[in-house]
Amino acid sequence: MLIEFSVENFKSIKNLQTLRLQAAPIKSKDPQLDEYNICKISEKMGVVKSKVIYGANASGKSNLVRAIAAFFRIFNHSLQDENILKNWLSPFRMDTTSYGKPSFFQIQFLLENRVYRYGFEATDQAIVSEWLYSSDIQGPESYHFKRDKGSIQVNPRTFKEASRLIVGKDEMPPLYRSNALFLPLVAAFNGPTAQKIHQYFSENYGIHSGMDDALTKSIAMEAFGDEAMRKKMAEVLKQADLGIEDLDFMDIPEEILIDSAKEQYQKLVAEGKKPTTVITKRRQLDETGKPTIASPFFLTEESYGTQKLFILSPYLINALEKGSVLIIDEFGSSLHVRIIRAIVGLFHNPQTNPYNAQLIVATHDTHLLDQRMFRRDQIAFVEKNKRGESILLDLVEFKGVRNDASLESDYLQGKFGAVPFTNQFEWAFTFENYGEKNQKNGSN
């Protein structure tokens with residue numbers, strides 16, 4: 001389970017910001033929230049099963065999601081891709097002091113009843129530092145390895161698997177590149193702890209960056225190719241009351257293609273590949289009023305919300321079946337509020353979430369600001385200060401917020417910040433008098 005993620009000097013995030021999922025010592029008005037919304041790790045420690053992040057447009061919500069994506073992308077590909085740091089690192093650019101400094105990433109997570117803390121600092125040229133610590137739950141930490149620029153120190157007691165990769169005291173392995181991470185290298189050489197962490201990172205974090213993200217679309221289509229998953233995805237859309245009874249593949253007829261696509265189509269056919277598309281099968285009544293199935297629709301003919309739920313469905317299924325972490329940007333876009341609430345409810349319900357999967361979403365949908373649904377430590381806000389720096393704050397950090405307060409109303413009134421200031425917005429549309437208003441203001 002994810003306990004917290006920290007990032008510094010990445011895009012609009014200048015100073016260290018931490019997304020915390022460890023439960024705070026608070027009580028909800030509805031005791032059921034304190035029971036269902038938390039996974040108890042020990043008598044004194046729990047982790048929330050969901051976190052919802054609010055903020056104005058361009059406040060940095062998406063940059064927090066991108067930071068998490070960058071962390072896992074660099075971890076999973078730094079050994080193979082020498083350009084991974086250049087392609088994924090983007091330091092804070094709103095002052096002259098941050099651009100040459102490294103970006104900082106750190107994750108704390110629970111794996112097999114042990115708490116691990118792993119992180120690294122990197123520029124677009126090299127890994128500057130890297131570390132791995134662990135402890136028993138709420139016990140003292142011990143280090144596995146510590147890397148600092150050109151040297152690395154391995155703990156032979158806790159990380160013996162890496163010792164054979166070190167040629168001398170504090171020396172870097174000869175197979176190692178300065179722009180690649182050490183922990184994945186140990187995993188590549190079959191180190192059991194490193195392999196366990198590598199597998200956990202690779203299989204237990206799904207990141208949905210938005211409807212227009214080509215990667216998430218391709219992942220959904222790949223999942224749909226599995227017959228068992230296809231049935232589950234169809235069931236999700238069916239139970240969402242969209243009027244859809246089933247999903248399937250259909251060969252794409254060449255005659256429906258525009259001219260610019262026909263060349264690629266003919267090339268695929270010549271290679272023995274059949275271009276296909278996803279179709280939906282809907283309920284229909286015949287002339288006697290008997291229910292039947294209508295002629296299929298292309299998925300691309302369906303509403304934007306239906307398409308989004310199709311893309312989200314394999315992520316939801318995988319997270320709940322594996323007990324993994326699902327991170328969604330622009331959550332709620334084009335989806336009805338009842339579907340949004342139902343998705344969140346899946347993660348809070350122990351029957352649908354028996355393995356304690358976690359959901360982290362960035363959204364503008366204020367309908368979720370509801371203390372009948374979330375604890376105060378499950379809600380966070382991102383706001384930019386006057387220097388263009390994104391600041392992340394948990395609702396539980398705001399003093400005087402009662403456990404029965406109307407959060408949606410308070411948020412829209414600006415009590416928690418993280419809202420756009422639109423007092424002068426109408427000026428942009430007052431074309432006729434704009435010059436006159438400017439002149440009057442200038443003369444005052």
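Student: How do you know that S11 and strand S16 (residues 325–328) pair?

Tutor: Two strands count as paired if DSSP finds at least two bridges between them, and S11 and S16 are joined in the parallel sense over four bridges, so the definition is met. Gly 206 stands opposite Leu 326 in S16. The names S11 and S16 come from DSSP runs, numbered from the N terminus, where a helix is a run of H or I with at least four residues and a strand is a run of E with at least two. Please keep in mind that this is a predicted model, in which local features need pLDDT of at least 70 and side-chain atom pairs count only at pLDDT 80 or more, while totals for chains, interfaces and linings use all residues. Residues are numbered from 1 along each chain as its sequence is written, and side-chain values use heavy atoms, with hydrogens and water left out.

Student: What makes strand S11 (205–208) and strand S19 (390–394) edge strands?

Tutor: They belong to an open sheet of six strands with mixed pairing, in the order S11-S16-S17-S5-S18-S19. S11 and S19 each have a single partner strand, so one side of each is left without a neighbour in the sheet. Neighbouring strands here are turned by 15 degrees against each other on average, direction ignored.

Student: What does helix H11 (residues 337–348) touch in this sheet?

Tutor: Helix H11 packs on the sheet and touches strand S5 (50–55), S16 and strand S17 (358–362), where contact means heavy atoms within 4.5 Å. The direction of H11 makes about 150 degrees with that of S17; such angles run from 0 to 180 degrees between N-to-C directions, along lines fitted to C-alpha atoms, for helices over the stretch in contact.

Student: How do you know that the length of helix H8 (residues 227–239) agrees with what is expected?

Tutor: The expected span is 1.5 Å times one less than the number of residues. For the 13 residues of H8 this should come to 18 Å, and the end C-alpha atoms are 18 Å apart, which agrees.

Student: Which residues of H8 are called buried, and which exposed?

Tutor: A residue is buried under 20% relative accessible area, exposed over 50%, and partly exposed in between, with a 1.4 Å probe and protein chains only. Met 229, Arg 230, Met 233, Ala 234 and Leu 237 are buried. The buried residues of H8 fall within an arc of 140 degrees when seen down the axis, so they line one face of the helix; the arc is that of the directions from the helix axis to the C-beta atoms. On the other side of H8, Lys 231 and Gln 239 are exposed. Helix H7 (214–224), strand S12 (244–251) and helix H10 (304–322) are among the elements that cover the buried residues of H8.

Student: Why is Ser 218 called partly exposed?

Tutor: Ser 218, which lies in helix H7, has a relative accessible area of 39% and is therefore partly exposed.

Student: What makes the approach of Asp 226 to Ala 228 a polar contact?

Tutor: A polar contact is a pair of N or O atoms within 3.5 Å; within protein, one must be able to donate a hydrogen and the other to accept it, and residues adjacent in sequence count only if both atoms are side-chain atoms. At the start of H8, a side-chain oxygen of Asp 226 reaches to within 3.3 Å of the backbone nitrogen of Ala 228, so this pair falls inside the limit.
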